[in-house]
Amino acid sequence: MQFDEFAAFEKNGWEHVVPSYEDYFGRLTVQSHPALLDALAVGPGTRMLDVASGPGYLAEAAIERGATATAVDFSASMIAHARQLHPEIEFHIARAEHLPFGDESFDAVGINFGMLHFPEPERALEEAARVLRADGRIAFTVWAGPERAIGFGMVLDAIQLHGKPDVGMPPGPPFFRFSDADECVRVLTEAGFTHARADEVEQTWHLVLPETPLDGLMHGGVRVAALLRAQSKSALALIEQEVRTRVKAYSRHGELLIPMPCMLASAIKP
Ligand SMILES: C[S@@+](CC[C@H](N)C(=O)[O-])C[C@H]1O[C@@H](n2cnc3c(N)ncnc32)[C@H](O)[C@@H]1O
């Protein structure tokens with residue numbers, strides 16, 4: 001595989017961030033659910049698969065609509081936590097690129113903020129297509145680009161200004177590749193899906209100072225976290241200061257409201 005080292009780095013990272021992922025992202029990534037579940041046409045009786053489920057938020061939301069849900073994630077600690085939260089959901093430890101299910105087992109496959117982490121996203125789409133029945137639906141979300149997902153933008157800009165953007169991390173697929181609607185449509189169409197489309201969905205990151213997006217990205221994720229941790233102490237202090245200055249524009253009544261839209265892509269298996 002082209003990104004072997006990256007795959008191991010991501011896997012190791014996601015084994016160690018479970019509580020902080022929930023703390024920082026648990027109320028953010030769920031904001032895409034209504035649009036994502038609508039795109040998947042999830043309703044009573046739908047058999048939905050949640051891929052890269054993390055703590056199982058999407059599977060839980062599908063069940064609230066009367067669907068049945070199964071979920072997979074490659075992080076054993078994420079799955080252990082997800083099982084505790086949702087004993088009623090069937091969770092599997094598995095890679096998105098090798099799903100442990102037979103052909104045509106699901107009506108819908110949802111991937112909420114997973115695609116940008118996969119070393120082989122095309123292979124994950126092939127697997128999704130395999131486990132979907134004809135007329136079944138696929139939908140995934142990724143962060144919008146850093147100029148729109150402001151929490152990412154301000155931290156990455158600050159690293160560019162005061163730190164080192166290149167710290168010798170294992171090369172991986174471009175983080176914002178699928179923030180481009182045309183690229184989403186292209187990759188879905190190439191994987192054999194029809195009716196591919198991609199639209200932005202609004203989301204807002206609610207934080208309370210002294211916490212800023214830098215804390216969320218440093219403790220609740222993997223790739224940007226590693227980039228931040230590789231900065232020198234003095235550079236990190238300047239990066240923190242830069243972010244603290246920039247968040248002021250997003251302060252409302254003692255809270256930070258940071259725009260963090262996502263791209264939602266969806267399609268149908270012919
Ligand atoms: C940003 S979290 C998203 C979690 C959840 N879907 C949500 O919406 O909050 C990314 C998740 O993808 C999982 N993941 C990353 N690469 C994966 C892969 N190749 N196969 C399966 N899971 C993967 C991680 O373990 C992590 O739980």
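# Reading a predicted model: the ligand shell, strands and helices

Q: What classes of residue make up the shell around the ligand?
A: Ten residues of the shell are nonpolar, seven are polar and four are charged. Gly counts as polar here. The model is predicted.

Q: Which residues come nearest to the ligand?
A: The shell holds 21 residues. Trp14, Ala52, Gly54, Ser75 and Asn112 come nearest. A residue belongs here because its C-beta atom lies within 6 Å of the ligand. Helices H1 (4-15) and H4 each give the shell at least two residues.

Q: What makes H4 a mostly covered helix?
A: Six of its eight residues are buried. They are Tyr57, Leu58, Ala59, Glu60, Ala61 and Ala62. Each is called buried because 20 or more other C-beta atoms lie within 10 Å of its own. The cover comes from elements that include helix H3 (33-39), S1, S2 and strand S4 (106-112). After H4 comes Gly66, with a positive phi near 90°.

Q: Why is strand S2 described as largely enclosed by the rest of the structure?
A: S2 spans residues 68-73, and five of its six residues are buried, so the rest of the structure largely encloses the strand.

Q: How do you know that S1 and S2 pair?
A: Two strands pair if there are at least two bridges between them. S1 (residues 47-51) and S2 have five, in the parallel sense. Therefore they meet the cut-off of at least two bridges. Arg47, for one, has Thr68 of S2 as its bridge partner.

Q: What makes the crossover from S1 to S2 a β-α-β crossover, and what is its hand?
A: The chain leaves S1, passes through helix H4 (residues 57-64) and enters S2. That gives strand, helix, strand. The hand is right. It is called right-handed because, with the strands pointing away from the viewer, the path over the helix runs clockwise.

Q: How do you know that S2 and S3 pair?
A: Four bridges join S2 to strand S3 (residues 90-93), in the parallel sense. The cut-off is at least two, so the two strands count as paired. Ala71 faces Phe91 of S3 across the pairing. Between S2 and S3 the chain runs through helix H5 (residues 76-85), in another β-α-β crossover that is right-handed.

Q: Which strands are the edges of the open sheet with the order S7-S9-S8, and what makes them edges?
A: The edges are S7 and strand S8 (251-252). Each of them pairs on one side only. The sheet has three strands, with antiparallel pairing. S7 meets strand S9 (residues 255-259) over four bridges. Two of the matches are Thr204 with Pro259 and His206 opposite Leu257.

Q: What makes one face of S7 covered and the other uncovered?
A: Trp205 and Leu207 form the covered face of S7 (residues 204-207). Thr204 and His206 form the uncovered face. In a regular strand, side chains alternate between the two faces of the sheet.

Q: How do you know that the buried residues of H2 lie on the same side?
A: The buried residues of H2 (residues 18-25) include Tyr21, Tyr24 and Phe25. These three cover an arc of only 80° around the axis, which puts them on the same side of H2. Residues three or four places apart in an α-helix point the same way, because there are 3.6 residues a turn. The buried residues of H2 pack against helix H9 (213-219).

Q: Is Ser232 buried or exposed, and what decides it?
A: Ser232 has 11 other C-beta atoms within 10 Å. The limit for exposed is 12 or fewer, so Ser232 is exposed. It sits in the loop between helices H10 (223-229) and H11 (233-247).

Q: Why are Ala41 and Glu104 called partly exposed?
A: Ala41 has 17 other C-beta atoms within 10 Å, and Glu104 has 13. Both counts fall between the limits of 12 and 20, so both residues are partly exposed. Ala41 lies in the loop between H3 and S1. Glu104 lies in the loop between S3 and S4.

Q: What makes the phi of Ala41 and Glu104 worth a look?
A: Most residues other than glycine have a negative phi. Ala41 has a positive phi, near 55°. The phi of Glu104 is also positive and near 55°.

Q: What makes the bond between Leu209 and Pro210 a cis peptide bond?
A: Its omega is about 10°. Most peptide bonds are trans. Pro210 is in the loop between S7 and H9.

Technical notes:
Residues numbered from 1 in each chain as written. Predicted model: local features only at pLDDT ≥ 70, side-chain atom pairs only at ≥ 80, totals over all residues. Arc of directions from axis to C-beta. Contact = placed C-beta atoms within 7 Å.
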